[in-house]
Amino acid sequence: MEVHADVDGSGVPLAVLLKRELCNQKVERPDILFGEANKSKKGEDFTLLLPRCHRTTGEGGGSGGGENAGDDDDDTISVFAIFDGHNGSLAAIYTRENLINNVLAAIPPNLTSEECTAALPRALVAGFVKTDKDFQTKAARSGTTVTFVIIDGWVVTVASVGDSRCILESAEGSVYFLSADHRLDANEEEVERVTASGGEVGRINIAGGAGIGPLRCWPGGLCLSRSIGDIDVGEFIVPVPHVKQVKLSNAGGRLVIASDGVWDALCFQEALNYIRGLPAEAAANRIVKEAVTSKGLRDDTTCIVVDILPPEKLSPPLKRPGKGVIKTLFRRRPSDEMSEDQMDRGCLEPDVVEEIYEEGSAMLARRLNINYPSGNMFKLHDCAVCQLEMKPGEGTSVHGNMPKHSRVDPWGGPFLCSSCQLKKEAMEGKLHSRNSQFDVRPMPK
């Protein structure tokens, strides 16, 4: 017999009233569960696992001061990252120890949670470039890819350079790509940018034969167009990350962050099929095991799995086995209807992953644009990259060399200090600072 609560004369099922009550409650921050696995070949893969990290720069050095975060969840974020080094491990280790603090230092103080979310993409660009610029002073020739994930409530922000990748599987089984692939073979726009900046792109040539292997940037022979480090290649291999920011429904989802040792052996859907139904730790181990089984241990193979789950008082949503639809658009069409199982979940929202922000340009003038939504949050005369305090008139506008017909005022900010301005010019092919600063092979004429 169905029980009804006759509140206003219309028989409303008690279950419906309970669901409405739950929906009216404040949406809580998700539970974060994670697991990590690694098989080492060269010892050049490193990870950063900070499930509770203070928003502001901590005193804990490379750990970001986040491992001992307090009980105030609104003041904490979660940070997960993979650093896949090459030509040695120094760049990966340095980036692991310094990137988080450089990013957090670029976020102005005393912001609301929403303002922090808006400021984060620009802060990530500044943090990546500062880390690369500072690493140049070490005169080490190694480099590293970076896939850097920040989770703030239901908002996920991913910054990436190189070919490690991050994918999101939503609660309903739809798959979203949150990182970019900066292999030269996979990105024609990056090939054009590198050559326009003074680099040469081609395959290894064998006498009397065609080029073999992947496209590489010369000098140096790097297969990537973006990384941190790699001073022997040239400034046109830039550290400016692709950044994507999305908001999950409160049904949650699962992130898979992995180095190319995984993705060279498994396609995205294979990896997700292997781990469906497994907890995060077991899922990470399964992906690494299957990758090594498939291709052998040819490279360092590292995986982090992060589950973003509804709070404990809400039942976790069930995934549809094998659905695995690859999504390129983030918003559900207005005509789409909720499925029956989504309605059964009550107050859980429809399975919608909303894109908040995405930008992949390598040009600092575009990435640090004063018209950026949170531009007014930044101190007007501080260097937009390294946060150096400057007196009025000391800095150079990031737009200073733009054509006169540009709508952007070349005398307006953001501003760069002298060393960061040199860095910007070098990345744009106007100054080969790495080759003038270090004893490395000269650029080809």
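Helix 2 covers residues 90–105 of this predicted model. Its 16 residues should span 22 Å at 1.5 Å a residue, because the expected span is 1.5 Å times one less than the number of residues. The end C-alpha atoms lie 23 Å apart, which agrees with that expectation. The helix is nevertheless bent: the bend is about 40° and falls at Asn-98.

Buried positions occur on both sides of Asn-98 in the sequence of helix 2. Ahead of the bend they are Ala-91, Ala-92, Tyr-94 and Thr-95. After it come Leu-99, Ile-100, Asn-101, Asn-102, Val-103 and Leu-104. Several elements cover these buried residues. Among them are strand 4 (45–54) and strand 5 (76–86), which precede helix 2 in sequence. Helix 3 (113–136), strand 6 (143–152) and strand 12 (228–229) also contribute to the cover.

The chain as a whole contains 11 helices and 18 strands. Of its 445 residues, 53% are buried. The exposed surface comes to about 20,700 Å², of which carbon and sulfur atoms supply 51%. Contacts between residues at least 6 apart in sequence were also classified by separation. Of these, 72% join residues at least 24 apart.

Confidence varies along the chain. The mean pLDDT is 79, and 72% of the residues reach 70 or more. Residues 1–10 have pLDDT below 50, and this stretch makes 13 contacts beyond near neighbours in sequence. Residues 58–70 also stay under 50. For residues 58–70, the model has 32 contacts beyond four places in sequence.

Methods. Residues numbered from 1 in each chain as written. Predicted model: local features only at pLDDT ≥ 70, side-chain atom pairs only at ≥ 80, totals over all residues. Heavy atoms only, no water. pLDDT = per-residue confidence, 0-100. Contact = heavy atoms within 4.5 Å. Helix = DSSP H or I, 4+ residues; strand = E, 2+ residues; numbered from the N terminus. Buried < 20%, exposed > 50% of the residue type's maximum accessible area, 1.4 Å probe, protein only. Areas by Shrake-Rupley, 256 points an atom, 1.4 Å probe, with all protein chains shown as cover. Bend = angle between axes of the 7 residues up to and from the residue.
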